[in-house]
Amino acid sequence: MTSSTQHTATPTSSTTLQNDLILRTLRGEQTERTPVWMMRQAGRYLPDYIKLREKYSFFERCETPELATAITLQPIDQVGVDAAIIFSDILVIPKAMGLEVQLLEGKGPFLPEPIRQASDLNRIHIPDVQESLGYVFDALRLTKKELNGRVPLIGFAGAPWTLLCYMVQGKGSKTFDDAKAFCYTQPEAAHRLLQMITDTTIAYLKEQVKAGADIVQIFDSWGGLLSPADFENISLRYIRQIVAALKDEVLTIVFAKGAWHSLEGMAATGAHGLGIDWCITPALARQMAGPKVVLQGNFDPAKLLAPIPVIEQEVTQMLAAFGGHGHIANLGHGILPNVPVDHARAFVNTVKNYRHKA
Ligand SMILES: Cc1c2[nH]c(c1CCC(=O)O)Cc1[nH]c(c(CCC(=O)O)c1C)Cc1[nH]c(c(CCC(=O)O)c1C)Cc1[nH]c(c(C)c1CCC(=O)O)C2
């Protein structure tokens with residue numbers, strides 16, 4: 001292990017990294033093979049994670065840097081992905097802003113006192129991120145040290161719209177209709193909330209970069225619930241602010257699930273990479289996003305439940321469809337909890353063994 005002094009981030013330099021494939025890809029360089037990682041790779045489907053879950057609550061796991069680091073490293077050691085993503089959650093932001101957030105076993109997030117009207121905004125604030133989220137930065141620093149240059153480290157945050165969904169609805173939902181109703185009936189309060197989340201997220205991600213994140217990804221898991229016009233007005237305009245504030249300091253990836261209609265607008269934010277799900281072909285995504293931006297995705301996570309030979313065949317087809325350049329192999333959404341570890345490994349190894357024919 002290297003020195004115990006604090007890590008000084010050098011986000012654009014990869015000289016100390018043994019595997020910098022994903023960084024070079026995001027910078028637009030041609031690489032010897034396609035890099036690969038999996039959204040939600042830390043946790044859920046890994047037996048060692050499930051053991052930790054019996055001993056510590058979800059937020060204990062997030063807030064104890066030694067636990068967060070151990071969980072972050074599990075897929076590096078056990079599945080062989082080309083990047084680590086810090087173990088944390090998008091809901092640490094609503095918590096830091098002053099809302100109570102619970103994670104109910106088997107049920108998901110629960111916020112007992114959600115935001116429902118303008119006066120509720122008095123209950124939340126833009127936090128000092130060092131004070132309220134210092135544990136995330138500690139976890140990033142410790143993970144960076146433990147990784148010892150093996151692979152780059154990805155930091156992340158939820159997009160403001162996706163965080164509003166949980167802060168207003170108070171729990172998971174297929175439609176987030178209370179969150180939408182809030183935006184459509186009280187637009188002034190909704191935009192005030194979105195701006196507060198945006199300001200917090202910018203400060204938060206900047207500190208993640210200082211603590212060692214080589215890449216930051218913005219997860220807009222519920223972007224696809226909005227019409228193209230509403231996506232622009234409620235989601236993309238805030239993502240644009242976040243990317244603008246970060247893109248000269250760190251490599252950025254925007255993943256707005258289901259919002260493929262706005263790939264052109266997302267590319268125009270200047271993000272280095274855009275995540276896509278399995279409901280769009282690589283060719284159409286490339287056409288919409290333009291030639292420059294890197295595309296990340298887009299394997300259907302449920303297909304990891306298929307037999308291994310099927311996974312190998314379908315991953316090979318996906319890689320061919322992306323054409324070899326400007327692509328980071330990933331799933332089109334998070335890995336499912338019931339995926340066998342050797343199926344996840346088959347996904348990763350198929351990418352690693354594939355060579356695109358010139
Ligand atoms: C919407 C969202 C959340 N959290 C996240 C998103 C965006 C990505 C997506 O759409 O999947 C992001 C997230 N959550 C977690 C990570 C860790 C890093 C990684 O492995 O990618 C990341 C990147 C850990 C977690 N966050 C959570 C778990 C599972 C809880 C547990 O294992 O006890 C993990 C490993 C809990 C969580 N947190 C959230 C939900 C809906 C749930 C419950 C259902 C679920 O398991 O996904 C909110």
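## A tour from Tyr166 outwards

Start by selecting Y166: setting aside residues within four places of it in sequence, its contacts are L91, P94, P109 and L111. Keep in mind that you are looking at a predicted model. Colour helix 7, residues 160-169, and you will see that Y166 sits in it. Is Y166 buried or exposed? Buried, because 28 other C-beta atoms lie within 10 Å of its own, and 20 or more is enough to count.

Next, jump to S221. Show strand 5 (215-220) and helix 10 (228-246), and look at the loop between them: S221 is there. Which residues does S221 touch, once neighbours within four places in sequence are ignored? They are T162 and K257. S221 also counts as buried, because it has 21 C-beta neighbours inside 10 Å and the cut-off is 20 or more.

Both of these residues appear in a UniProt record. The unreviewed entry lists R40, Q41, A42, G43, R44, F59, D89, Y166, S221 and H333 under "binding site", so select that set by way of a label.

Now bring up the ligand and its surroundings. There are 22 residues around the ligand, and those that come nearest are A42, G43, F219, S221 and G334. Colour the shell by residue type and you get 11 nonpolar, 7 polar and 4 charged residues.

Time for the sheet. Switch to cartoon and pick out the open sheet of 7 strands, ordered 1-4-5-6-7-8-9 and paired in parallel. At its edges stand strand 1 (84-85) and strand 9 (327-331); each has a single partner strand, so one side of each is left without a neighbour in the sheet. For a closer look inside the sheet, select strand 6 (residues 251-256) and strand 7 (residues 273-275), a parallel pair joined by 3 bridges. Pick I253 and look across to strand 7, where G273 is its bridge partner.

Finally, zoom out to the whole protein chain. Its secondary structure amounts to 14 helices and 9 strands. The radius of gyration is 19 Å, close to the 21 Å that the globule rule gives for 358 residues, so the chain is as compact as a globular protein of that length. Turn it along its principal axes and the C-alpha atoms fill a box of roughly 60 × 45 × 40 Å. Colour by burial, and 47% of the 358 residues count as buried. With a contact map open as well, take the contacts between residues at least 6 apart in sequence: 75% of them join residues at least 24 apart.

Note on methods. Residues numbered from 1 in each chain as written. Predicted model: local features only at pLDDT ≥ 70, side-chain atom pairs only at ≥ 80, totals over all residues. UniProt positions renumbered as here; feature names shortened; annotations may be inferred. Helix = DSSP H or I, 4+ residues; strand = E, 2+ residues; numbered from the N terminus. Buried ≥ 20, exposed ≤ 12 C-beta atoms within 10 Å, placed from the backbone. Contact = placed C-beta atoms within 7 Å. Near = placed C-beta within 6 Å. Nonpolar A, V, L, I, M, F, W, Y, C, P; charged D, E, K, R; others polar. Rg over C-alpha atoms; globule rule 2.2 N^0.38 Å. Pairing = 2+ DSSP bridges.
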